[in-house]
Amino acid sequence: METSFLGLALAAILILQFSTPINSSFSATTSLPSRNTYIEYIKTSCYNTTFYPKLCYHTLVIYASTIKTNPKLLAKTALNVSLINTNSTSRLMIRVSKIPGLEPRVVAATLDCVEEVGDSVYELQRSMEEIGHAGGSDFSKAMSDVETWVSAALTDDDACLDGFAEEVMNKKVTAIVKRHIRRIARLTSNALALVNRYASTQANLP
């Protein structure tokens, strides 16, 4: 009975958490020939730069008309996608931690994730602020700060996963946590790769 209740509770949380559409503030429309060029730019950038190119491409291609062929907008959009998903996962972790009947060590590991993913949200927010200010003589310093914040967010995601490494942990909760944390970690990894690419490209300009 407890297992059945836990399964229903987890299912309800996931439905509530991910039933709303992702923020589409970056979307725009343009002519077909230009859009094809923008799509190819995103595809090439993702496959030549990131560790998870398919995820990169599928999460960024919907913003092709806004990104165009601009490396800064590509990096900013990747950060925004990571932030949106991390924020959503943070709320999910809070709900999971409140499910009745969980073992104390599962609750403790989930609460650690709540803190760590919350830190990741903050760090991604800071990175968005910093990249927005990047330019002029302070470009290198600003981009170094962006890279530091995004790297810290990725470290926090990994720390959350470490808490669910034991085989004895609740399998249903562990599966949910690992699936969603791995996704945001991969999104953040992709964002970091595109940030590094933008920083190195601009640094090499005369």
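In this predicted model, Cys56 is a buried residue, its relative accessible area being 1%. Its partner in a disulfide is Cys46, and the two sulfur atoms are placed 2.0 Å from each other, which falls inside the cut-off of 2.5 Å that is applied to such pairs. Cys46 is buried as well, with a relative accessible area of 0%, a value under the 20% that sets the limit for buried residues. The torsion about the S-S bond is -65°, and the link of Cys46 and Cys56 is accordingly described as left-handed. Because Cys46 belongs to helix α2 (residues 32–49) while Cys56 belongs to helix α3 (residues 53–60), the pair ties together parts of the chain that are 10 residues apart in sequence.

A disulfide is also found between Cys113 and Cys160, with an S to S distance of 1.8 Å. Here the torsion about the S-S bond is about 95°, and the disulfide of Cys113 and Cys160 is therefore right-handed. This pair links distant parts of the chain, since Cys113 sits in helix α6 and Cys160 in helix α7 (residues 139–162), with their positions 47 residues apart in sequence. Both Cys113 and Cys160 are buried. In general terms, a disulfide is a covalent bond that connects the sulfur atoms of two cysteines. The count of disulfides comes to two, and when the bonded cysteines of the chain are numbered in sequence order, the pairing reads 1-2, 3-4.

Helix α6, which carries Cys113, also takes part in a helix packing. Helix α5 (residues 71–97) and helix α6 (residues 104–133) pack with their axes 9 Å apart and at an angle of about 155°. An angle of this kind makes α5 roughly antiparallel to α6, given that the term is applied to angles over 145 degrees. The crossing of α5 and α6 is left-handed. When the residues of the contact of α5 with α6 are sorted by character, they divide into 15 nonpolar, 13 polar and two charged.

The loop between α4 (64–67) and α5 contains Lys68. Although Lys68 is not a glycine, it has a positive phi, of about 55°. As a general matter, most residues other than glycine have a negative phi. Lys68 counts as partly exposed because its relative accessibility is 38%, a value that lies between the 20% limit for buried residues and the 50% limit for exposed ones. The C-alpha atom of Lys68 is separated by 9.7 Å from that of Asn36, a residue 32 positions away along the chain. Asn36 is located in helix α2, the helix to which Cys46 also belongs. With a relative accessibility of 43%, Asn36 likewise counts as partly exposed.

A further local feature concerns helix α8 (residues 171–203), in which Thr174 is found. Thr174 has a relative accessible area of 10% and is therefore buried. A polar atom of the side chain of Thr174 lies 2.6 Å from the backbone oxygen of Asn170, a distance within the 3.5 Å that is used as the limit for a polar contact.

Key. Residues are numbered from 1 along each chain as its sequence is written. This is a predicted model: local features need pLDDT of at least 70, side-chain atom pairs count only at pLDDT 80 or more; totals for chains, interfaces and linings use all residues. Side-chain values use heavy atoms; hydrogens and water are left out. Axes are lines fitted to C-alpha atoms, for helices over the stretch in contact, and angles run from 0 to 180 degrees between N-to-C directions. Helices (H or I, at least four residues) and strands (E, at least two) are DSSP runs, numbered from the N terminus. Angles under 35 degrees count as roughly parallel, over 145 as roughly antiparallel, 65 to 115 as roughly perpendicular and the rest as oblique. A crossing is left-handed if the near helix is turned anticlockwise from the far one by less than a right angle, and right-handed if clockwise. Ala, Val, Leu, Ile, Met, Phe, Trp, Tyr, Cys and Pro count as nonpolar, Asp, Glu, Lys and Arg as charged, and the others, Gly among them, as polar. Buried means under 20% relative accessible area, exposed over 50%, partly exposed in between (1.4 Å probe, protein chains only). A polar contact is a pair of N or O atoms within 3.5 Å; within protein, one must be able to donate a hydrogen and the other to accept it, and residues adjacent in sequence count only if both atoms are side-chain atoms.
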